[in-house]
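This report covers aromatic contacts, one buried serine and the internal cavities. Keep the structure open while reading.

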Amino acid sequence: MPQFPRLLACSLMAPLLAPAAFVAPLLAQDAPSQQLGMGSNPGGSKPVYDSLKRPITAGGFVDSGPVIFADVTKAAGLAGWNHVMGAADKGLIIDTNGSGVGLIDYDNDGWLDIYLVNGSTFNALDGKETPPHAALFHNNHDGTFTDVAAKAGVTNDRWGFGVAIADYDNDGWPDIFVSNYGKNRLYHNNHDGTFTDVAEQAGVTLGNWSAGATWGDYDGDGRLDLFVTGYVHFDRGNLPYARTRATSNNTCEFRGVPVMCGPRGLASEPDHLFHNNGDGTFTDVTVKAGVADPVNHYYGLTPVFVDVNNDGKVDLAVANDSTLSYLFVNRGDGTFEDASLTSGFALNEDGREVAAMGVAAGDYLNNGLVDFAISDFSDESKLLFRNEGSAGFSEVSMAAGLGKKSIPFLSWGTGFLDYDNDGWLDLMFVNGHIYPAADNRDWGSSYAQRPLLFRNTRDGKFEEVPPVEGSGLAVLTSGRGAAFGDLFNDGKIDVIINPVDGPPVLLRNVNPDHHHWVELKLVGGPKSPRDAVGATVYLTANGMRQRQDVLSGGSYVSTNDPRPHFGLGDATDAGTAEIHWPSGAKETIKLPAVDRIYTITEGQGISGALCGGKPCAATTPAAVEPSKPGAKP
């Protein structure tokens, strides 16, 4: 949600090419009024309408074609829960950002459950009304879900934003970190269907406005550490309305229309890296590790730990709103190098900052290198960063075919997913505007927007999948957080969307393909995190070599299915998995059959398999072949 001083809107290119330390002071100058919009096009892009004169963000539907997703929200039992965030007029920035969603098998029954973060209101914070509750939807294994949040003790009852799922204490049960405006939560899994908030004793409560979070073992000690982004410093005693002290007496506009102010021009909150001490407590090592932003004070939203240079150590990508985004490369000594600008990750292909909301990580070229997609504000192309090796990136959204199609949309949750199981990662953006005025203005946009799905054409490019009328791709929602995963254990990747103000949207993958697939649930050994977060898997099958990573965090302040998923096309040979464990160990395992969810334990091979969501009748033991230490992927 970028906000640019009107007097600077046409002069941002030069300072943005300078080192980051010099950029922020230039961008933070005050001016008599402020213009919200992308820096490279502050006046807005040309409106796009469909043949029925509807904004393309709420139209462009086709009458026939392949139906990829079906909206099964009501049938699944999710429609009775509602997200609530602030006032309906969205007059303050805290009213607008929405919340994340996490996929978690909290009871270890082999089926993914859904954790939906909720927002709040000032009246609820002040005890004048019942606070909105987060939801924990238990998977009933029959296509329906039941909200057990109250019984489980995870309703949060604070103003929630992000969620990161991981087993931080290596006890074999996934835990839940919730980032809030106010104190954060760390819900420890009690192994009996309930959780206990241990954030205070763990030392990770912080305060004010935390946005997103990601878990990763950055120092290789076998324990998951926690990175939390700070967004805006929001002071209820000094609310950032136009022409107030909080906004330096500026007015705030978007395309000439008065709108809420922020984040540009507002004070920010710092990011934090917490080292896991192994005793249930954490130590703030942000400065020591080199991931602090004391000079820039950027507006952090979505972070993700992932290995970008294939050295076996997780690096850190951070999508920052209205400023440069961060890429910190792990040096392997407990510290990171700030490679944001030198890597090419900080800016779009025009050399400009963007309003980066969410981040997806995946190898869309099947070349063994992890690439990134970044969701962004309207009037700008969404970003696609191609990994060139050695932690260098090229922003190629226009050349890849994403650019023009994505410009009118305001995007949040994003994910690489192989929706048709052909072995090539496709890409989805979940969208929704922040200004209700979009429905009443000639912007060629709308407040509620449809998702965007792009099919990988296997040549480095993508093409939009047309939204069939009445299908899941034609659903209009004010989308924010989104998580991607196999919710029905049928080998197809589904999508759960957490909107701002309204019921969730569950898009079940009903694509008519009959392609084969495999999924892997990884269990780390004594020197790896138990849930194998940070592991990388390369699957050689069907004449190609795919890569998947076990991640906690990403999309937009959300957490996806932790199980690596591989489409196999028409191949009936499941192939061979090469697993790079966080401990540094490497194993090669021949998978005995397709269309199965395999459990693989570090050093022990396949220890179980699900067929149609139930234990397979028999599983052929697979050979485990340790690779040579230090072998390259």
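Which residue lies over the face of Phe 122? Arg 236 does, at 4.3 Å from the ring centre. The model is a predicted one.

## Charges over rings

Phe 122 also takes part in a cluster held by ring pairs. The other members are Trp 159, Phe 161, Tyr 181, Trp 209, Tyr 231, Phe 234 and Tyr 299.

A further arginine is placed over a ring. Arg 545 lies over the face of Tyr 538, 4.2 Å from the ring centre.

## Aromatic pairs

The whole structure yields 28 aromatic pairs. Trp 159 and Tyr 181 make one of them, edge-to-face, with 6.3 Å centre to centre and 90 degrees between the planes. Trp 159 sits in strand β8 (residues 159-166) and Tyr 181 in strand β9 (residues 175-181), so this pair ties together parts 22 residues apart in sequence. Trp 159 and Tyr 181 are both buried.

Phe 254 and Phe 377 form an aromatic pair that is also edge-to-face. Their centres are 5.8 Å apart, and the planes meet at 75 degrees. Phe 254 belongs to strand β14 (residues 251-254), while Phe 377 is in the loop between β23 (371-374) and β24 (383-389), so the pair ties together parts 123 residues apart in sequence. Phe 254 is buried, as is Phe 377.

## Ser 120

Where is Ser 120 found? Its place is the loop between β5 (113-116) and α3 (122-125). Is Ser 120 buried or exposed? Ser 120 has a relative accessible area of 0%, so it counts as buried.

Neighbours within four places in sequence set aside, Ser 120 is in contact with Val 84, Met 85, Gly 86, Leu 125, Pro 132, Arg 158 and Trp 159. Trp 159 is the residue paired with Tyr 181.

## Cavities

How many cavities of 30 Å³ or more does the structure hold? There are 4. The largest encloses about 450 Å³ of space. Its lining has 30 residues, and Ala 361, Phe 416, Gln 548, Asn 560 and Asp 561 lie nearest the centre. Elements giving two or more residues to this lining are β18 (299-306), β22 (359-362), β26 (411-417), β30 (479-485) and β35 (544-549). By class, the lining has 14 nonpolar, 10 polar and 6 charged residues.

The second largest cavity has a volume of about 70 Å³. It is lined by 13 residues, with Arg 255, Asp 379, Pro 408, Trp 443 and Ser 445 nearest its centre. Its lining divides into 5 nonpolar, 5 polar and 3 charged residues.

How values were computed
Residues numbered from 1 in each chain as written. Predicted model: local features only at pLDDT ≥ 70, side-chain atom pairs only at ≥ 80, totals over all residues. Heavy atoms only, no water. Phe/Tyr/Trp six-rings, centres within 6.5 Å; stacked < 30°, edge-to-face > 60°. Helix = DSSP H or I, 4+ residues; strand = E, 2+ residues; numbered from the N terminus. Buried < 20%, exposed > 50% of the residue type's maximum accessible area, 1.4 Å probe, protein only. Lys NZ or Arg CZ within 6 Å of the ring centre and 35° of its normal. Contact = heavy atoms within 4.5 Å. 1 Å grid on protein atoms, 1.4 Å probe; cavity = no way out; pocket = protein on both sides within 12 Å on 5 of 7 lines; lining within 4 Å. Points joined across faces, edges and corners; volume = space filled by probe spheres on them. Nonpolar A, V, L, I, M, F, W, Y, C, P; charged D, E, K, R; others polar.
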